Structure formats: C-alpha cells, structure tokens
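Work through these exercises with the sequence and the 3D view side by side. Try each task before you read its solution.

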Amino acid sequence: MTTPLLQLSGVTAFYGAIQALRGVDLAVNQGEIVTLIGANGAGKSTLMMTVCGNPHARSGEIIYAGHDITRLPTHLIMRRQIAQAPEGRRIFARMTVYENLLMGAEVSGNREKETSLEQVFTLFPRLKERMAQRGGTLSGGEQQMLAIGRALMARPRLLLLDEPSLGLAPLVVRQIFGAIRDLNRMTGLTVLLVEQNAFQALRLAHRGYVLVNGAITMAGTGAELLARPEIRAAYLEGGGH
C-alpha cells in the first residue's frame, strides 16, 4: 500500500472560539490530483491554511513526505517543496510579471530559475507576452495564471490550489484546469485543489472529498462523486457551482 505524500488524521482547527475543522481525515498520494469540494464557509480554505501552519491544528496530525509538520512554523513548511496559489490570487500588483515569478523562486531558494521560467511560459504563453507588465494591470484570468506560475517557480512536490476558478469566465476556467491537468500528466506534480466549481473539479481530480461544516462527509473517485445524486443536487444543479 502506498504511503500518502500528505495525510491529515483527526485534524481540528479553530479561528478564535469557532471550530472550523472537525476531525478531518484526508490523504493525497504522490502524483494525484485530489479535490476538496463544499459550500462557502464549509472550511475548505481553512483546511488548506492549516496544512501551511496558519492556523495550526489544535489536535490531530499532518504528515507530509513522512515527516510530522503539524507544529512547524509556516516558513519551514513552505521550504519542504510545498507551494500555494492562495484564494484571491494575491499577486504583487506593482511588480512586473517577471518580478512576481522570480519571487516564487526566491521563497524556495530555487537555483534553476531559467528552467522553471521556461516551464511556466510553456504552460501559460500569455505570461511570456506580458512579462514586463505590472501584475495589477493583468486580467483576472492572467492574474490567476501568474499566481499558479509563481507557485510553480518554487519547484514544488505538492501544489495547493485554493479556488483557482473564482470570478473567472468559463473559457478561462477551462484553460486553467487544462493547464493543471497537463502539468500533472507531464510532470507527475501532486495537487490538492479546493474548489467551489464542483463539476470542473471532479472531472479533473483522481479523487475527491466533500467537506460540510468542517467535517468530511463523503469521499471517492472524481467519477464516483460526480455520479452521486446528492452531489448533483447540492453542487451541480444550481448550488455551489
């Protein structure tokens, strides 16, 4: 049996007095795309942030690449070949596309910047065209490409993607998801994807989990979850999609 690259066991997390995660068990194997779906406020982004150590898990454990990272500070977790493209993109608006990408390489101490840049530009040719442009002047879709590209510049083993389709036109969403699929197929990059667009996410993912009020209520392959009537009713027919 394969040891997961990332494993959460019984993880709870709080924001102040509010419990956001309730005993979450979740595994991501090497080379998999795993998605976490759920309504707004279900705790999806909190789970992603808890893996990164902010907030720390109140109880339970988080094992990554065989090491317990539950209590590590965020900067040490991110040096272990984990990169995040956060919700809301959070690029550096005043910096150029090129400078934004270099920031991603600096965080991890990546010394093969040119190779990484070529990979990012192959995946997102638009970024190469916009290299000298300030991040804040890009369209929403281009900013999302830049956020993912910046994360990839860290040469991660695990990529955490938080709501990559948020606020984007359907055509751009298909481009972004197509790029994630290509990246996974070509390089074997492991991806944990938090996404409200359940249909796109489950079509893309090898496996998925459903989070409701901070607890996992269902798990299965992307195809299995897409076929479940309760998933279709809650997330694919007008709700959360």
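The exercises below go from the overall fold to single residues.

This is a predicted model: local features need pLDDT of at least 70, side-chain atom pairs count only at pLDDT 80 or more, and totals for chains, interfaces and linings use all residues. Residues are numbered from 1 along each chain as its sequence is written, and side-chain values use heavy atoms, with hydrogens and water left out.

**Exercise 1. The overall fold**

Task: Describe the secondary structure and the dimensions of the protein.

Solution:
- Step 1. Count the elements. The protein has ten helices and ten strands. Helices (H or I, at least four residues) and strands (E, at least two) are DSSP runs, numbered from the N terminus.
- Step 2. Judge compactness. The radius of gyration is 17 Å, close to the 18 Å that the globule rule gives for 241 residues, so the protein is as compact as a globular protein of that length. The radius is taken over C-alpha atoms, and the rule is 2.2 Å times the number of residues to the power 0.38.
- Step 3. Read the extent. The C-alpha trace spans about 45 × 40 × 40 Å along its principal axes.
- Step 4. Check burial. Of the 241 residues, 51% are buried. Buried means under 20% relative accessible area, exposed over 50%, and partly exposed in between (1.4 Å probe, protein chains only).
- Step 5. Look at the surface. The accessible surface comes to about 11100 Å², and 52% of this belongs to carbon and sulfur atoms. The areas come from the Shrake-Rupley method with a 1.4 Å probe; for residues, only the protein chains shown count as cover.
- Step 6. Look at contacts (heavy atoms within 4.5 Å). Among contacts between residues at least 6 apart in sequence, 67% join residues at least 24 apart.

**Exercise 2. Salt bridges**

Task: How many salt bridges does the structure hold, and which parts do they join?

Solution:
- Step 1. Fix the criterion. A salt bridge is a side-chain nitrogen of Lys or Arg within 4 Å of a carboxyl oxygen of Asp or Glu. Side chains of opposite charge can pair when their charged atoms come close.
- Step 2. Count. The structure holds five salt bridges.
- Step 3. Take E163 and K44. Their closest N and O atoms are 3.9 Å apart. E163 lies in the loop between β7 (158–162) and α7 (170–187) and K44 in helix α1 (residues 44–51), so the pair ties together parts that are 119 residues apart in sequence. Both E163 and K44 are buried.
- Step 4. Take R130 and E142. Their side chains meet in a salt bridge of 3.1 Å, N to O. R130 sits in the loop between α5 (125–129) and α6 (140–152), E142 in helix α6, and the two are twelve residues apart. R130 is partly exposed at 24% relative accessible area, whereas E142 is buried at 6%.
- Step 5. Extend the pair. R126, R130 and E142 are linked in a network of salt bridges.
- Step 6. Take R228 and E230. Their closest N and O atoms are 3.1 Å apart. R228 is partly exposed at 33% relative accessibility, and E230 is partly exposed at 37%.

**Exercise 3. The two sides of a helix**

Task: Sort residues of helix α4 (residues 113–123) by burial.

Solution:
- Step 1. List the buried residues. They are S116, L117, V120, F121 and L123.
- Step 2. Place them around the axis. They cover an arc of only 160°, which puts them on the same side of α4. The arc is that of the directions from the helix axis to the C-beta atoms.
- Step 3. Turn the helix over. The face of α4 turned away from its buried side carries the exposed residues E114 and T122.

**Exercise 4. Backbone details**

Task: Find the cis peptide bond and the residues with positive phi listed in the solution.

Solution:
- Step 1. Find the cis bond. It joins N54 and P55, with omega about 10°. P55 is in the loop between α1 and β4 (59–64).
- Step 2. Go to A65. Its phi is near 50°, a positive value in a residue other than glycine. A65 is in the loop between β4 and β5 (67–68).
- Step 3. Go to Q81. Its phi is near 60°, again positive in a residue other than glycine. Q81 lies in the loop between α2 (74–78) and β6 (82–85). Q81 is partly exposed at 42% relative accessibility.
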